[in-house]
Structures are given as structure tokens and as C-alpha cells.
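Me: I would like a close look at one part of this model, namely the packing of its nonpolar core, and then at how the charged pairs and the contact between the chains are arranged around that picture. Please take it slowly and keep to what can be read from the coordinates.

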Amino acid sequence: LLTIFLVVLVWSLHARLRNPLTRWWGWAWSASAVFLAVGVVALWIPRDQILLKSSVTLAAVLFGYLHLPLLVFGAVSWRWPAVITGRRALAGISAALAAGALSFAVSRFAPDPITGFAIRHAPRNAGLAICLFVCAWVFFKGARESRSRAAAITGASCLAYAFDQTAYAVTEAMRITGGPQTLLGGTIDVSLLSTARLLAVDLVLICGISVGMILLLVEGHQQAERALLESDRRGRDVAEENAALQAEIRRREDAEQAWRRSEDKLAAAYRSSPCCMAMTTFPEGRFLEINDGFERMTGFSREEVIGRTSLEIGLWADPATRDDWVRTVNAEGRLDGYECVLRGKRGEHISVVYSAEVLTIGGQKCLLGASLDVTALKQIEARHNAILKAIPDWIFLLSRDGVFLECQVRDARDLLMPPAEFIGRHVRDVLPPELAARLIDGFAAALRADQPVSIEYSIPIRDEMRFYEVRAVATDNEQILSLVRDITTQKRAERHARELQDELAHAGRVMALGTLTGSLAHEINQPLTAIMTNAHAAEHLLSSGQAETGEVRAALHDIMSDNRRIGEVLRRLRLLLKKDRREFSTVDINAMVNEVVALVHSHLLGRQIALDVTLGSNLPSVLGDRVQLQQVVLNLLMNATGAVLPTDPESRRLSLTTALDDGQVVVSVTDRGVGASDEQLARMFEPFFTTKSDGMGLGLAISRTIVDAHAGTIGARRNPDRGLTCSFRLPVVALADQPESDVTRLLEMQT
Amino acid sequence: MATAPDHPSTIFVVDDDPSVRTALERLLRCTGRPVRTFASAEAFLEQADHDECGCLILDVHLGQMSGIELQAHLVQQCSPIPVILTSGFDDGEAEMTALRMGATAFLRKPFEVSALLAATERGLCRTREARAARNGIAV
């Protein structure tokens, strides 16, 4: 029954028993089954077939002994898989087989078959008991440590079986020795032990062990499955890692290939680089290798250089530089943008920027360096620096959004604040808001227009109003270069000149009116005469008693009107004699001309000169100083008067016209007088140039100054038949079309 | 006041300035003299009946023909009309010329009205005397 049970067990579990942890169990059970089966066969063989019976018995004994170490191996390898090595297993199995063979040999000399059986089996049972104790200990230990119920059951079964085998061994020993048949004072019959050793007990115990072991197998299986899953997961991780590694390897391989290719390219680049490159020993500076750029830059050929030192070929403009150069390399291990001056083969100086790395080749320290010829750049830089030094302006560099970046100022004390206080700050935060806004607008315009933008401004510095002109231009990299010039002196000179001009103009007016004095007296004498006459008439009418109220009233009315006439003359006169600063306003040209005509009326009358006035219709206004413009017209008329006076009365005819021509208002005075030579014509508007004995030659010169100040032009030309035409032109201001600020700006510009 | 036809006493005024002209006309008329006015020498020459003229008050500075030229013209024609010249300008040359040609007076504007009236009276007186002498010779 046991044999069948064990065969079924082994067969059904053979797949599980391949596991290295449990394969010894399979072998143990197999050996056990073979032992029991062969033992049964041996019992059945009749005694007369001695040889066969002995052989089968020997086989049974050997399998019985073989079973012992296998059991122990099974238990130990379950707990400590690495302990049962091949040699140990072989030694254990050999010892068991030797013991079996010995016990069989001894049993041949037993007096009877029963004793022989006992001799064969007692040591086996004892050994089995010991083995089972060992197994029980192993399983219990395992059960305690891994809390395995299966191990506990197995251990308990092993322990129980061990006691069973112990009892069996004792029984066998008693039988061999023929000792007392009872134990413990006759309470236990030895033969009872033998009979108590029922097959069923064995069966139950072996079953217990087997079930425990099956449970162990199941547990092991579950663990194995978990381990498998775990290892699966690890496997996947490992696979992923592996794939990544392989990709990395491929990448490195590619990189290496690319490197090899690029190495060729590098070599080609080294040779053909426009940079001057050289490899020298360090620190002697003996040339090992140079490239074409070196030959080009220095003029030295490869043959002249290789194997010699830089000092030998005289490459340093100042050999002392080399010491500093060597120190730098020693200190920093490399050179980065080192600026120095070399000397070419023809003795020319070459400014270079030099960078180098220290390499060790074959134990020799080398320097691989490249230098860039910056001679031209240096020259440009020097020139720029000289220009910048020569410019008296302040130079500011600003970012495109208006932050001060750099400044160059000859004397920082002239500035509103020291450079440190505004560099890095925005224009807005440095200058007064209105000025900052104007500058920012100007900068924006410069960036847009890509041409310089000029801004004039004034700012009080240390209680003194100073004037500046800013010229802002956008640089290539979208920064603003702003040149600021102090134009205070210029402005003051301009103002002074303007004041002088005004004074001169006034003097001119006084002079011109001086020549008019007689005529002006006439202009006043006429109405004065009328007044006096009318007053007498009225008095006469009243005193004679024949008063006609109407006539008296008419006389008084005429007196008042003549009085106004005198007032008007005086007003014009006072206006022209006023010594005012130039004051620009919009001027109606025709009205202005009429005033002058009224003023010179008597003058012309007294000289029998006729004047035709042709006024253009719908003339736009001009921007100017009314009095000074009148002065110009007056001067032109007086000049023309002088030209016609020497002629006969029929030729004494002037014409004065106003017109609009090409967006300008033109005032012309034409005479049919004596005309002028080319030289006179050319010098007419020069100061102190005159053809008249009584003139100072200032009238026309002053007129030109005035017209210039009005952004106009003045000139004279010969008429086709006779005489001259003098005219001046003034720009028209279309006030309605222009915003107020523009007019103001125009005024500022012109003043 | 009735005026005898053989006693021409009308005063002629030639002045280009209308207000002076009007004022003189008003003054002389209220002194009882008939007055005729002209704006230019040319108008006088064209329109005036010289026989009527008792005295001529003539402005020197006129538009085309000046007062001096008109006076010269009258002298050339042996006109007996006494001429009183007036001028708003300070021109002594014209005064010299006028007086040399026998002007009754040269008055600078603004003149005293009494001086003008006196000169006028003198002029009218001379006309009367001249007429009387001529009539006398004729008679």
C-alpha cells in the first residue's frame, strides 16, 4: 500500500519535484517506494532459491539505507539550498550504501532469519530515526522562521515517525541481543512494541509527512510563482534597460563614426582656417606645426618656422610680452582672448587676439593656439576713439527703450548728475518729465526713420538756463546713439545778433523816416490847414450873425475828420519809430502794404512820382513782424524813388504789386528809372553800398536781414526795357491747416 | 452882395486835397466872395473863365502839372490874374520862383487865415486896379 501510495505521489508530483529545492524528496520517496516493493518481493521468494532471495534482499537493504541520506538532503536543501553540493551528496549516499552492505554482510552470519532481518534493519531504523529527528528540527526551525503551517505539520510528522522508528530500532536490538523481553519493569512487552508497530501507524505517519511535504511544495510553488512574477517584472525592467543601453551604444557608435569623419574635417579646417593656428612646445615655444593661416598672416613659410622658436624668428614685436604670456599660461592653464602684438616677416606689426590650450602629446607639453588678426579692427577702433575724443559733444548710448547704457563726457561736472547716477536708469527717471517725453519721442522717430533726429531743449543747470541740441541716431543693433551739444553760447550769440538786428532795423527806420520828414510834414500840414480854415469859417459864420447851422455843422464835421487824418499819420509814424523786440504774428500783406503807401504818398507827390498799386486778391497771411515788413516795403519804395528822380517826369512811375506765387507771397516794386550795372546789382543788398550821395547804403542791407529772419528771400532783377524790379518772397503759413503747436514750433524756429 | 460884371471878384481855388479845397471854399464864401474850386491845374485851364477870376489860390504840389508850372503858364500868357501860392512842403526853391514870377503871396501850410484873407484882398484890389487902368486906357 505504501509503495503504491509513494509511486502515485512521486508520479503525480514529478513535475513539481524537478525544482532544485525539492528534488531530493522525490529521490527519497522513490528510494522508499523501491525499498518497500523490493522488500515485499524478497519476502515472497522461497528460501530454496538462496541466490535470488539474497540478491533481492541486498537490493532492498541498499534502497532502505539509500533512503536515509536522501531524506536529510531533502530537508536541508529545502531550507538551505546551497548546502547539498554534488560531493556532499555523493559522500552521504556512499556512506549509506556502505552501511547497508555491511549490515547485509553481517546478517548472513545470523543464527536464524529473524535475527538476520533484525541485524539488517535495526541500524537502518536507528539511522532513519536520527535522520527524521534532523528533518523534524529543520522543519520546525523553518516553520518558526517562515511561519509555514506546512513545515510545522511536516516537522510534527517527522518527529512522530522518528519516535516510531526509535521504538522499532529498540525492538530489533532486543531481538538481536536476546535481552529482556519486557521494559520498564514488565509494563511494556518488547514484542508488543513490535506488534504495536502496525503498518497503519507507519502509513499514517508517512502520510503525515507526505501531506506536509505536499503542502510545502504548494507553498514553494506559490512562492515560486510570486518569484516568477517578480522576476518577470524584473526581466521586463532589465529588457527595457537593455534596450536603452543598446540604443546608447548605437548612439556612441554613431558619434564615434561622426567623430572620425569630423576628425578629418577638423584637420582640413585646421589647415585651411583663416585663423592663424600653430602648435608649439611649451614653454620654449618651438614650432611643431602651423597652418596656412599662419603663413598668410606672418609671412613666414612652414620651412622657416617648424623646429624654431618664436623668439628665434623674431615673432614678438616686444619679446618681453612673451614672459607675461608664459606667466598667464602657467597661471590659468590656457589663454583666452589674449591681446598682443606680433611682428611679421616684413617687420610689420600685427595686432592679434590669441587663444590657446595646453595639451600633452607624448609626454611633451604643447600649446595649440589660434590667433585672429585684429590690426584693421584696432586701427578702426583707434580712429573711432580719436573721433570720439575730438567730438566736444556728450555721447550717450541708450537701449532702444531709453535706458542709459554708456556715456562719454569730457567733463562730468557739466552734467546734471554724475554718470554713475544715471547709467542703467531710464530717461524718464533721470530727466524732467516733459523733456524725457520729447527725447523718447525723438528716439522713436530716429529708430523709425533710420536717420538722425535733432531735438533742441533748455534746462536750468545750477541756476542758469542752458540750451542743448540732441542728435539721436539708431545704431545697427537697435540702440540709440545720442550726441548732446551745449549750444548755450550759440543761442546767446543768436539772441544777441537778433537784438542787434532789431536795433539796426530800428535805426534804419529812423533814417528812412528822416528822409520822409518833409513829406510827412506835408501829410500833416494839409489837414492842419483845412482845420484852421474851417475853424475860421465857422467863427466867421457865427460872429456875422448870418449863421447857417448846417454850414457850421459841416465845418465842424470836416475839422473832426481832418483831425483824425492827422492822428492816423502820427499813429503810423509812431509805429515805425517804436523800438520793440521782433514780434511775430500773422500779417495781412495787402493791409501792410497799404499803410506804407499812405505813408509815402506825400513823398511821392512832392517828387511828382506816380505810384500804381496792384494788390493780389485772396492773399494768404504770412508769419512775421508787421513793422519790419513795412520797413522792407518802405525801403524798396524809397530805393525806387531814388532811381526815378533823375529821370524826366513822364518816367517817374512806380508800380507796387503783391501776388501769390508758388506757395509764397511776393511783393515787388518796379521802377523805370536809371537801372543798375551788373556790379551794382550784385552788391545792392550789401551794407554801406550806395549809389546815392545822401544815402548810407543801409536800407536794402537791413531789408535783406529782415527778410532772412522771416525765412524769405529778397532780390533785384533788371526789367526787359528799363529800370529794376526789386521783390521779396515770404513763405505762406496756412494757419487753418496747422495745429497750434506746429505754429509755435515754427515761431520758435524762426526766432 | 451884388457883383458888378466889370469887376471880376470870383476867387478861384486849385488844390488837389479835397478837404483843403472844401475848407477854403467855405471860408471865402462866408466872407462874401464867390468861389470856384478845381482839383488840378489841368481842370482849371480847361474849365475856368479867366475873365471872371479876381484871384487865384494855387497849391504848388498837384497831380500832373504843378502850381508853379501853371503860374509860369499864366505869366507866359500875360494873364493879369493875381496868384497866391500855397505849399504843404518846406520848399524854398518854389517860393523863390513863384515870387520872382510875381506871385501876390507864397503861403506855407498851415498858414494864418488872416494872411490868406489879406493876400486875397490884395489880389482882388490889384485886379480891380488893373481893370480900372485897362478900362481907363480903353476909355
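Reply: What follows begins with the core, and then turns to the chain interface, the charged pairs and a few surface and loop details.

The model is a predicted one, and local features are described only where pLDDT is at least 70.

The largest nonpolar core has 52 residues, and those that touch the most other members are A:I589, A:V593, A:V633, A:L634, A:L637 and A:F728. Several elements of chain A each supply at least two residues of this core, namely helix 16 (488-543), helix 17, helix 18 (589-606), helix 19 (626-644), strand 16 (653-661), strand 17 (664-670), helix 21 (699-709) and strand 19 (724-731). Of these, helix 19 of chain A gives the most, with 10 residues. A single member shows how such packing looks at the level of one residue: once neighbours within four places in sequence are left aside, A:V593 is in contact with A:L615, A:V633, A:L656, A:T658 and A:V667. A second core, separate from this one, has 45 residues and includes A:L2, A:L9, A:W24 and A:L68. As a general point, nonpolar side chains in soluble globular proteins tend to be buried together.

Helix 21, one of the contributors to the largest core, can be followed residue by residue. Its buried residues are A:L700, A:A701, A:I702, A:S703, A:I706, A:V707 and A:A709. After helix 21 of chain A comes A:A711, which has a positive phi, near 60°.

Helix 17 of chain A, another contributor to the core, also carries a charged pair. Both A:E568 and A:R572 lie in this helix (residues 549-577), four residues apart, which is about one turn of the helix. They form a salt bridge in which the closest N and O atoms are 4.0 Å apart. The two partners differ in their exposure, because A:E568, at 31% relative accessibility, counts as partly exposed, while A:R572, at 14%, falls under the 20% limit and counts as buried.

The interface between the chains brings 23 residues of chain B into contact with 27 residues of chain A. The area buried between chain B and chain A is about 2100 Å², and carbon and sulfur atoms give 59% of it. On the side of chain B, the residues B:R26, B:C30 and B:F89 supply 31% of the area that this chain buries against chain A, more than any other three residues. Three salt bridges are found across the interface of chain B and chain A. B:R26, already named for its share of the buried area, forms a salt bridge with A:E551, with the closest N and O atoms 2.7 Å apart.

Over all chains the structure holds 42 salt bridges, and some of these join parts that are well separated in sequence. One such pair is A:E478 with A:R400, whose side chains meet at 2.1 Å, N to O. A:E478 lies in the loop between strand 11 (464-474) and strand 12 (480-486) of chain A, and A:R400 in the loop between strand 8 (394-398) and strand 9 (404-408), so the pair ties together parts that are 78 residues apart in sequence. Both partners are partly exposed, A:E478 with a relative accessible area of 40% and A:R400 with one of 47%.

Within chain B, the side chains of B:R108 and B:D90 meet in a salt bridge of 2.8 Å, N to O. B:R108 lies in strand 5 (residues 105-108) and B:D90 in the loop between strand 4 (83-87) and helix 4 (92-100), so this pair ties together parts that are 18 residues apart in sequence. B:R108 counts as partly exposed at 35% relative accessibility, whereas B:D90 is exposed at 65%. Back in chain A, a network of salt bridges links A:E230, A:R233, A:R234 and A:D237.

Nonpolar side chains are also found at the surface, where A:V40, A:L43 and A:W44 make a patch of about 390 Å². A:W44 belongs to helix 2 (residues 23-44) of chain A, and this residue is exposed, with a relative accessible area of 70%.

A last detail concerns A:S301, placed in the loop between helix 9 (292-298) and helix 10 (302-305) of chain A. A:S301 counts as partly exposed at 23% relative accessibility, and beyond its neighbours within four places in sequence it is in contact with A:I290 and A:E295.

Terms used. Residues are numbered from 1 along each chain as its sequence is written. Chains are lettered from A and ligands numbered from 1 in the order in which they are written. This is a predicted model: local features need pLDDT of at least 70, side-chain atom pairs count only at pLDDT 80 or more; totals for chains, interfaces and linings use all residues. Side-chain values use heavy atoms; hydrogens and water are left out. Buried means under 20% relative accessible area, exposed over 50%, partly exposed in between (1.4 Å probe, protein chains only). Patches are made of residues with over 30% relative accessible area and no salt bridge: like charges are joined within 9 Å, nonpolar side chains (Val, Leu, Ile, Met, Phe, Trp, Tyr) within 5 Å. Accessible areas come from the Shrake-Rupley method with a 1.4 Å probe; for residues, only the protein chains shown count as cover. A nonpolar core is a set of buried Ala, Val, Leu, Ile, Met, Phe, Trp, Tyr and Cys residues joined through side-chain atoms within 4.5 Å. Contact means heavy atoms within 4.5 Å. Buried area is the accessible area (1.4 Å probe) that two parts lose on being put together, summed over both.
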